[in-house]
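Visitor: I am new to this structure and should be grateful for a guided introduction. May we proceed by question and answer?

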Amino acid sequence: MPPTLGGGDKCPRCNKTVYFAEERRALGRKYHSACLKCMQCNKALDSTSCNDHDGEIYCSSCYRKMFAPTGVSNLNQVQAGNVGGGGLGGGECCPRCNRTVYMAEKVIGAGKAYHKSCFRCGSCSKSLDSTTLCQHEEDIYCKACYGRLFGPKGYGFAGGASGLSMDTGSADEISRRNVSHYTQAQVASRLISNGGDTGNNESCARCGGAVYFAERIAGIGGKVYHKLCFKCNSCNKNLDSTLLTEHEDNIYCKACYSKNFGPKGFGYGTALLHSQ
């Protein structure tokens with residue numbers, strides 16, 4: 001058969017000739033690039049997101065919204081019997097929202113079918129997958145929230161530095177309620193070997209509270225501090241061994257020590273004022 005004058009196949013959307021440079025294939029048909037869009041929302045489509053209904057093309061979202069089964073029919077009941085075990089309306093029931101799960105939006109987790117939008121952590125609402133899923137009493141969680149809510153407590157069971165959680169929410173206050181008896185026993189054995197007091201451990205030179213091994217920082221002259229207490233007495237800046245200075249049993253950063261207790265006058269950071 002002789003070739004059609006003027007070019008190739010016709011675009012199903014605009015019925016104009018589709019040339020090779022602007023050709024896009026979907027559902028076995030050729031479209032212009034500009035015509036391969038959802039009939040409802042005008043979203044650009046490709047071969048993986050294209051759905052056909054009565055000769056028109058739709059994105060998956062609009063297709064489900066407009067043409068997915070919503071009532072009870074014989075076909076739906078057969079599908080429910082094959083897939084979901086007897087529920088009317090087609091498909092399995094999502095444990096999170098208790099609504100029907102259709103194949104296009106189905107995600108399997110912990111042996112159950114969820115909507116993609118429902119497959120989230122029950123605590124932080126983070127999206128889940130098969131590698132981050134944990135289950136507790138019929139609800140699903142990410143690993144971080146599961147460990148925080150239901151995992152063992154105490155030093156040594158954390159997933160990082162935040163797991164110790166010594167913070168109580170109050171300024172300069174430290175909680176020791178989540179330090180396990182096992183850890184306290186380990187610290188006591190170290191203190192015995194060093195000739196220390198096994199009753200209250202060492203005392204913080206700033207706040208006077210007991211200092212456990214996990215929060216211990218050594219200062220000048222053998223004094224020990226909590227990490228949260230090891231700060232400049234003037235500006236509250238965190239200190240380390242390179243910034244630490246001491247004056248009358250209080251610790252300061254070098255800048256505050258020089259400003260408060262260093263020599264004054266011209267050449268020492270403060271201009272000399274001459275009286276008339």
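Visitor: Is Cys11 buried or exposed, and what is its relative accessible area?

Guide: This is a predicted model, and Cys11 is placed in the segment before strand 1. A residue counts as buried under 20% relative accessible area. Cys11 is therefore buried, for its relative accessible area is 0%.

Visitor: Which residues does Cys11 touch, leaving out those up to four places away in sequence?

Guide: One of these residues is Tyr31, which is 20 residues from Cys11 in sequence but 4.8 Å away in space, C-alpha to C-alpha. The full set touched by Cys11 is Lys16, Val18, Lys30, Tyr31, His32 and Cys35.

Visitor: Where is Glu23 placed, and is Glu23 buried or exposed?

Guide: Glu23 belongs to strand 1, which covers residues 23-26. The limit for a buried residue is under 20% relative accessible area. Since Glu23 has a relative accessibility of 17%, this residue of strand 1 counts as buried.

Visitor: Which side chain does that of Glu23 join in a polar contact of 2.9 Å?

Guide: Beyond four places in sequence, Glu23 touches Val18, Lys30 and Tyr31. Val18, Lys30 and Tyr31 are also among the residues touched by Cys11. The polar contact of 2.9 Å joins the side chain of Glu23 to that of Arg25.

Visitor: How many disulfides are found in the whole structure, and why is Cys62 not bonded to Cys59?

Guide: A disulfide requires two cysteine sulfur atoms within 2.5 Å. The closest cysteine sulfur to that of Cys62 belongs to Cys59 and is 3.5 Å away, so the two are too far apart for a bond. Cys142 is likewise in no disulfide, with the nearest cysteine sulfur, in Cys145, at 3.6 Å. The search of the whole structure finds zero disulfides.

Visitor: What are the relative accessible areas of Cys62 and Cys142?

Guide: Cys62 counts as buried, because its relative accessible area of 5% falls under the limit of 20%. Cys142 is buried too, and its relative accessible area is 5%.

Visitor: Which residues of strand 7 form the covered face, and which the uncovered one?

Guide: In a regular strand, side chains alternate between the two faces of the sheet. Strand 7 comprises residues 106-109. The covered face holds Val107 and Gly109, while the uncovered face holds Lys106 and Ile108.

Visitor: In what sense do strand 7 and strand 8 pair, and over how many bridges?

Guide: Strand 8 covers residues 112-115, and its Lys112 stands opposite Gly109. Two residues lie between the strands of this hairpin, where Ala110 takes a positive phi near 55 degrees. The pairing of strand 7 and strand 8 is antiparallel, over four bridges.

Visitor: The backbone oxygen of which residue lies 2.7 Å from a polar atom of the side chain of His115?

Guide: His115 is in strand 8 and is buried, with a relative accessible area of 8%. Beyond four places in sequence, His115 is in contact with Cys94, Cys97, Arg99, Thr100, Val101 and Glu105. The backbone oxygen at 2.7 Å is that of Thr100.

Visitor: What is the separation between the C-alpha atoms of Gly122 and Asp139?

Guide: Gly122 is in the loop between strand 8 and strand 9 and counts as partly exposed at 39% relative accessibility. Apart from neighbours within four places in sequence, its contacts are Arg96, Asp139, Ile140 and Tyr141. Although Gly122 and Asp139 are 17 residues apart along the chain, their C-alpha atoms are separated by 6.5 Å.

Visitor: How many helices and strands does the protein chain have, and what share of its residues is buried?

Guide: The protein chain has five helices and 16 strands. Of its 276 residues, the share that counts as buried is 26%.

Visitor: Which element has the lowest mean pLDDT, and which the highest?

Guide: Over the protein chain the mean pLDDT is 74, with 66% of residues reaching 70 or more. The lowest mean among the elements, 41, belongs to helix 2 (residues 74-84), and the highest, 90, to strand 16 (residues 250-252). Over residues 71-89 the pLDDT is below 50, although the model gives this stretch 22 contacts beyond near neighbours in sequence. The elements asked for are thus helix 2 for the lowest and strand 16 for the highest.

Technical notes:
Residues are numbered from 1 along each chain as its sequence is written. This is a predicted model: local features need pLDDT of at least 70, side-chain atom pairs count only at pLDDT 80 or more; totals for chains, interfaces and linings use all residues. Side-chain values use heavy atoms; hydrogens and water are left out. Buried means under 20% relative accessible area, exposed over 50%, partly exposed in between (1.4 Å probe, protein chains only). pLDDT is the predictor's confidence in each residue, from 0 to 100. Contact means heavy atoms within 4.5 Å. Two strands pair if DSSP finds at least two bridges between them. A polar contact is a pair of N or O atoms within 3.5 Å; within protein, one must be able to donate a hydrogen and the other to accept it, and residues adjacent in sequence count only if both atoms are side-chain atoms.
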